[in-house]
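Here are some notes to read alongside the model, set out as numbered points. Please keep the structure open and find each part as it is named.

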Amino acid sequence: MAYTYLITGATSDVGTALIRRLLTQDPAGERLVLAQGCGDVEKLAPLIQEFPGKIRPFDVDLSDPYKVDTFCQLVTRDNPAPTHFIHLPALPVVNAKFKNFDEVRFEKDWEIQLHSAVKLCKAVLPAMSKAKFGRVLFIQTSYTIGCPPKFTAAYVMNKSAIGGLVKSLAVEYARFGVTVNCVAPSMMETHFLQDTPELIVKAAAEENPMGRNATPDDVVPAMAFLLSEEARFITGVTLPVTGGSAIV
């Protein structure tokens with residue numbers, strides 16, 4: 001079956017790893033990736049060269065609602081209807097006491113993570129429902145499982161809202177053959193940690209039962225499973241990928 005994957009945040013370390021896995025596992029060449037980045041789509045160049053004709057890049061600022069509206073129109077008008085939607089973008093975590101809560105930054109991250117997700121789901125879910133097939137996947141965080149670390153209120157609030165959206169969509173669209181799920185990694189060593197102090201990164205690794213932090217290679221296989229046909233009866237879940245540091 002021909003699949004079209006709409007991946008926002010596709011230029012991230014997780015996004016590029018997921019694209020490579022999805023296209024490598026497609027020997028018949030039936031998969032197409034609509035890949036969104038923001039000012040950094042050149043990161044997709046090696047993948048575009050490796051998989052010619054299989055990746056269509058879009059440079060879109062998801063913090064701008066008007067640009068998101070235009071993006072939704074482009075996706076639904078000029079491309080095959082997405083069968084899979086994977087939403088990955090977020091601003092990097094900034095550890096800050098609540099008295100220093102940055103409301104402007106929080107609202108920007110809200111637009112990137114939540115508001116754009118709502119708009120894009122409204123754009124792609126009707127076609128999935130009509131086709132009686134679809135996969136929607138978000139990336140959450142182990143910080144929403146149990147007790148979060150201190151000084152992460154803004155990040156945890158946005159990610160918790162993602163969890164609420166997932167549960168609501170899962171219940172509404174299950175009868176149409178559309179699944180909606182999350183993966184929730186523990187601290188993952190990617191460029192996303194650029195603003196996180198090295199001491200915090202090292203402490204998280206030492207405290208993890210496996211003695212290290214997660215990597216994209218740990219998380220992407222779980223994502224690929226939830227996007228697969230084999231996961232057709234799994235919906236509304238948040239799958240921890242944590243090395244045992246967060247257990248539900």
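1. A good place to begin in this predicted model is strand β2, residues 31-37, where seven of the seven residues are buried, so the strand is largely enclosed by the rest of the structure. Buried is used here for a residue with under 20% relative accessible area.

2. It helps to look at the strand one face at a time. In a regular strand the side chains alternate between the two faces of the sheet. For β2, both faces are covered, since R31, V33, A35 and G37 on one side are buried, and L32, L34 and Q36 on the other side are buried too.

3. Which strand is joined to β2 by six bridges? That strand is β1, residues 3-8, and β1 and β2 run parallel. If you wish to find the pairing in the model, start at I7, whose bridge partner in β2 is A35. Between these two strands the chain passes through helix α1, residues 13-24, and this β-α-β crossover from β1 to β2 is right-handed.

4. Strand β2 is also joined to β3, residues 55-59, by five bridges, and these two strands again run parallel. Here G37 is a useful landmark, because it stands opposite D59 in β3. On the way from β2 to β3 the chain goes through helix α2, residues 45-50, and this β-α-β crossover is right-handed.

5. The next topic is the pockets. The largest pocket has a volume of about 940 Å³, and of the 40 residues that line it, those closest to its centre are S12, L88, A90, P92 and F192. Two or more lining residues come from each of α1, β2, α4 (103-131) and α5 (153-173), so both α1 and β2 from the points above return here. The largest share, three residues, is given by α1.

6. What is the make-up of this lining in terms of nonpolar, polar and charged residues? In the largest pocket, 19 of the lining residues are nonpolar, 15 are polar and six are charged.

7. The second largest pocket holds about 510 Å³ of space, and it is lined by 19 residues, of which Y143, P149, M187, A204 and E207 are the closest to its centre. Its lining divides into eleven nonpolar, six polar and two charged residues.

Technical notes
Residues numbered from 1 in each chain as written. Predicted model: local features only at pLDDT ≥ 70, side-chain atom pairs only at ≥ 80, totals over all residues. Heavy atoms only, no water. Buried < 20%, exposed > 50% of the residue type's maximum accessible area, 1.4 Å probe, protein only. Helix = DSSP H or I, 4+ residues; strand = E, 2+ residues; numbered from the N terminus. Right-handed = clockwise from strand over helix to strand, strands pointing away. 1 Å grid on protein atoms, 1.4 Å probe; cavity = no way out; pocket = protein on both sides within 12 Å on 5 of 7 lines; lining within 4 Å. Points joined across faces, edges and corners; volume = space filled by probe spheres on them. Nonpolar A, V, L, I, M, F, W, Y, C, P; charged D, E, K, R; others polar.
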